[in-house]
Amino acid sequence: MKQLLSKNRNYYKANLHCHSTVSDGKCTPQELKTAYRKEGYSIIAFTDHNVMIPHHDLSDDNFLALTGYEIDLCEDYSVVGFPKVKACHLCLISLEKDKQQQICWHRTDYLQSNAVNYRDKVCFDETEPDFVRVYGPECINEIIRRGREANFFVTYNHPKWSMESLEQYKYYKNMNAVEIYNNMSFIEGRDEYNPDVYDDLLRDGKRIYCIATDDTHSFHPFGSPYNDSFGGFTMIQAECLTYESVAESLKNGNFYASTGPLIYDLSFNDGKVSIECSDSKVISLTTGIRTVQTVRAEKDKSVSKAVFDVGKGDVYFRITVTDEHGKYANTNAYFIDEL
Ligand SMILES: [Zn+2]
Ligand SMILES: [Zn+2]
């Protein structure tokens, strides 16, 4: 039997995409920690725009600050009507606690908002020339390649906000994960729940994980126009709450994404997948082909368990749990030839 997620191991609730006053977020890193701790989170990846500033001082026995940044490319930097152009945003989350060097750095360009004030705090390889961003698969793949080589966990963010489609993202290679849900974009009104994008990437042969994030900008404990916190989270199964242990789990895909329901247990045994989850309305299995399988709750009842048959011809499977509020939990995709 292969235990993919286990109710006997620790889960840590994480927001893997978050902006603070280091760039264009409204809360300081400390305020974000306080607010997220109150909601049961143990992990925040601080991914401010274009500058990587570690916040290890916030980590303690109950909280882990992951170090990262979000790098953005857009079709035309000269266009003032920013919402009109396609973009590609990637988060790079360091898988090593003591990594200090940011990759693909440019000494003078691309910084906006408060990030400008952190320019001198960024560490980078001074022997490298300035990295010029050109929107397109070549440059995007170069960032991903360098990111992976430098041991970053690379995520592909909010494809709907970016106005990208299969025509663009099918060329992006070796990203670790895609945002199956991005709360900031969803709250603003886009359909930023992306199971379609996830299947596009998987069916194109990419072995990639999925995460749900907040992309927090606007929540402020003392009032804000809207609240983009606490909508999408990733539950990471790790030995303990150390940087090393959580990084290892990210690398190995020991997590699931959710906007509400919880998954407790997921195992694969002799062609059968078993799942246990919180009380829900629908549990469905998606595969690499047309085949789907679904367990539905009877009227006024709920389901919290399901068993599905899968075979080699299914290529991969992933499970979606939907609760009575229409919130989803999504497992990663598991490829049958790896099980
Ligand atoms: Zn973004
Ligand atoms: Zn962001």
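User: Why is the site of the zinc ion (ligand 2) called irregular?

Analyst: The angles among its 4 donor atoms run from 79 to 172°. Four donors count as tetrahedral if all angles lie between 85 and 135 degrees, and as square planar if opposite donors are over 155 degrees apart and all others between 65 and 115; anything else is irregular. The site of the zinc ion (ligand 2) lands in that irregular class. Bear in mind that this is a predicted model, where local features need pLDDT of at least 70 and side-chain atom pairs count only at pLDDT 80 or more. Residues are numbered from 1 along each chain as its sequence is written, and side-chain values use heavy atoms, with hydrogens and water left out.

User: What makes His-17, His-19, Glu-70 and Asp-215 donors of the zinc ion (ligand 2)?

Analyst: Donors are N, O and S atoms within 2.8 Å of the metal (3.2 Å for Na, K and Ca); water is not among the atoms, so sites may look incomplete. His-17 (NE2), His-19 (NE2), Glu-70 (OE) and Asp-215 (OD) sit at 2.1 to 2.2 Å, so they qualify.

User: Which residue coordinates both the zinc ion (ligand 1) and the zinc ion (ligand 2)?

Analyst: That's Glu-70, and the two ions are 3.4 Å apart. For the zinc ion (ligand 1), His-89 (ND1) and His-158 (NE2) are protein donors along with Glu-70 (OE).

User: How do you know whether Glu-70 is buried or exposed?

Analyst: Buried means under 20% relative accessible area, exposed over 50%, partly exposed in between (1.4 Å probe, protein chains only). Glu-70 has 0% relative accessibility, so Glu-70 is buried. Asp-215 at 1% counts as buried too, and so does His-89 at 7%.

Definitions and conventions
Chains are lettered from A and ligands numbered from 1 in the order in which they are written. Four donors count as tetrahedral if all angles lie between 85 and 135 degrees; four count as square planar and six as octahedral if opposite donors are over 155 degrees apart and all others between 65 and 115; anything else is irregular.
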